Amino acid sequence: MRSLIDILDLSVEEIDALISDAESIIADPGRYADCCRGKQLAALFFEPSTRTRLSFESAMLALGGQVLSVTGAGMSSVSKGESIADTIKTVSCYADIIAMRHPQDGAALVAANSTQLPVINAGDGGHNHPTQTLADLLTIHREKGRLGHLAVGVCGDLKYGRTVHSLIAAMSRYPGIRFVLISPEALRVPDYVTDGMNRMGIPYTQTASLENALPDLDILYMTRIQRERFFDPALYEALKDSYILTADKMRLARPDMCVMHPLPRVNEISVAVDSDPRACYFKQMFNGKMMRMALIRKLLSDPATPAPRADLYHHLRCMNPRCVCQTEQELQPAFFRVPGDKEIYRCLYCEMQAR
Ligand code: NCD
């Protein structure tokens with residue numbers, strides 16, 4: 001069955017269709033109240049979550065389906081050392097579709113490779129978060145009426161912020177997109193993200209100044225500094241309040257700029273900004289449920305199974321300590337060559353450069 005591990009698993013046309021399905025669901029939710037009757041979603045959350053888990057569960061219930069949940073690695077056999085593959089094989093006996101969040105980069109791909117059921121990546125470490133991107137795209141489409149020809153600022157922890165990685169990959173496929181990447185030097189996007197923009201010929205600038213970037217933006221996507229992904233707590237303390245969007249700073253922005261945030265916010269957006277009509281972050285939460293409804297429907301009815309990649313290499317080492325390939329039992333590390341460059345290989349699971 002079809003899975004959603006990386007946002008690029010969906011074509012632009014499929015994303016357009018999901019947006020239009022989500023609009024139909026918003027207009028007439030009653031029409032969809034039975035379409036997943038008899039189907040069960042397993043929500044496996046091995047990392048904290050409020051919005052993503054509840055919106056998946058609420059989406060499945062609103063489609064007439066049922067939900068099985070595991071929250072926290074401590075509450076399942078994962079805490080006894082069970083592998084991701086065995087956990088997923090177990091869940092596959094009880095459910096029809098799986099949404100999984102896991103702290104390791106690449107965990108969702110391991111899950112998808114261990115089952116015939118559709119697997120939805122609800123966040124894999126600091127790597128990707130494609131369903132947040134679906135929520136973000138519907139929000140931008142509803143607010144701006146288009147997904148192309150936009151200046152998009154992303155601000156905060158661009159290194160570990162998985163929502164940003166998926167958003168940049170998705171938006172790079174629309175015409176006329178320009179990114180302004182606003183972060184401290186130590187929290188810039190990983191090079192697999194800049195590689196993607198370079199390959200697509202997307203213009204982008206990197207800056208540390210939110211104030212300088214603000215006047216030029218159509219979208220400002222704020223993110224939290226991801227404390228749980230830092231190896232050095234002192235570095236987190238030094239960087240945690242790098243950016244705080246206040247009502248005062250909003251005066252620098254265009255009158256029709258959208259402020260977005262996947263939430264939770266820690267300190268990055270003052271509460272005073274909430275009443276600004278440009279604040280869209282609470283709309284994103286609602287839109288997330290609608291896009292997840294559209295996605296669950298699609299994946300449960302899409303028999304296509306993509307062919308496994310043929311162009312893999314196995315003679316290298318992944319250097320990323322957070323990659324699932326470091327711990328998953330008997331997982332064969334696998335690497336792909338970056339197109340156009342003979343020298344660079346990336347880990348299939350986490351996309352970090354291999355040696
Ligand atoms: C994000 C996540 O989990 O990556 N939250 C979400 O899913 N809405 C952002 C974050 O935790 O900072």
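**Salt bridges and a parallel sheet in a predicted model**

Biologist: What makes the meeting of the Lys-283 and Glu-143 side chains a salt bridge?

Modeller: In this predicted model, the N to O distance between Lys-283 and Glu-143 is 3.2 Å. The cut-off is 4 Å between a side-chain nitrogen of Lys or Arg and a carboxyl oxygen of Asp or Glu, so the pair qualifies. Lys-283 belongs to helix α11 (residues 281-301) and Glu-143 to helix α5 (residues 130-144), and 140 residues separate them.

Biologist: Why is Lys-283 called partly exposed, and why Glu-143?

Modeller: Partly exposed is the range between the 20% and 50% limits of relative accessible area. Lys-283 has 38%, so the term applies. Glu-143 has 32% and therefore gets the same label.

Biologist: How do you know that Asp-191 and Arg-346 form a salt bridge?

Modeller: Their side chains meet at 3.3 Å, N to O, and the limit of 4 Å is therefore satisfied. The pair ties together parts 155 residues apart in sequence, because Asp-191 sits in helix α7 (residues 191-200) and Arg-346 in strand β12 (residues 345-347).

Biologist: Is Arg-346 buried or exposed?

Modeller: Buried: the relative accessibility of Arg-346 is 3%, and buried means under 20%. Its partner Asp-191, at 34%, is partly exposed.

Biologist: What makes Lys-249 and Glu-211 a salt bridge?

Modeller: The closest N and O atoms are 3.7 Å apart, and the rule asks for a distance within 4 Å, so this pair also counts. Lys-249 is in helix α10 (residues 247-250) and Glu-211 in helix α8 (residues 210-213), so parts 38 residues apart in sequence are tied together. Glu-211 is partly exposed at 36%.

Biologist: How many salt bridges does the rule give, and which residues are linked in a network of them?

Modeller: The count is 23. The network links Arg-2, Glu-14, Lys-298 and Asp-302.

Biologist: Why is strand β3 described as largely enclosed by the rest of the structure?

Modeller: Strand β3 covers residues 97-102, and 6 of the 6 are buried, so the description follows. In a regular strand, side chains alternate between the two faces of the sheet. In β3 both faces are covered: Ile-97, Ala-99 and Arg-101 are buried on one side, and Ile-98, Met-100 and His-102 on the other.

Biologist: How do you know that β3 pairs with β1 and with β4?

Modeller: Two strands pair if there are at least two bridges between them. Strand β1 (residues 40-45) and β3 share 5 bridges, while β3 and strand β4 (residues 119-124) share 4, so each count meets that minimum. Both pairings are parallel. Ile-98 is the bridge partner of Ala-42 and stands opposite Val-119 in β4. Met-100 stands opposite Asn-121 in β4.

Biologist: Which strands are the edges of the open sheet?

Modeller: The sheet has 4 strands in the order β2-β1-β3-β4, with parallel pairing. The edges are β2 (66-71) and β4, each pairing on one side only. From one strand to the next the twist averages 10°.

Biologist: Which helices lie across this sheet's strands, and which helix joins β3 and β4 in a β-α-β unit?

Modeller: Helix α2 (residues 51-62) lies across β1, β2, β3 and β4, at about 175° to β1. Helix α3 (residues 84-92) lies across β1 and β3, at about 150° to β3. The unit contains helix α4 (residues 107-112) and is right-handed.

Conventions: Residues are numbered from 1 along each chain as its sequence is written. This is a predicted model: local features need pLDDT of at least 70, side-chain atom pairs count only at pLDDT 80 or more; totals for chains, interfaces and linings use all residues. Side-chain values use heavy atoms; hydrogens and water are left out. Buried means under 20% relative accessible area, exposed over 50%, partly exposed in between (1.4 Å probe, protein chains only). Helices (H or I, at least four residues) and strands (E, at least two) are DSSP runs, numbered from the N terminus. A crossover is right-handed if, with the strands pointing away from the viewer, the path from the first strand over the helix to the second runs clockwise. Axes are lines fitted to C-alpha atoms, for helices over the stretch in contact, and angles run from 0 to 180 degrees between N-to-C directions. Contact means heavy atoms within 4.5 Å.
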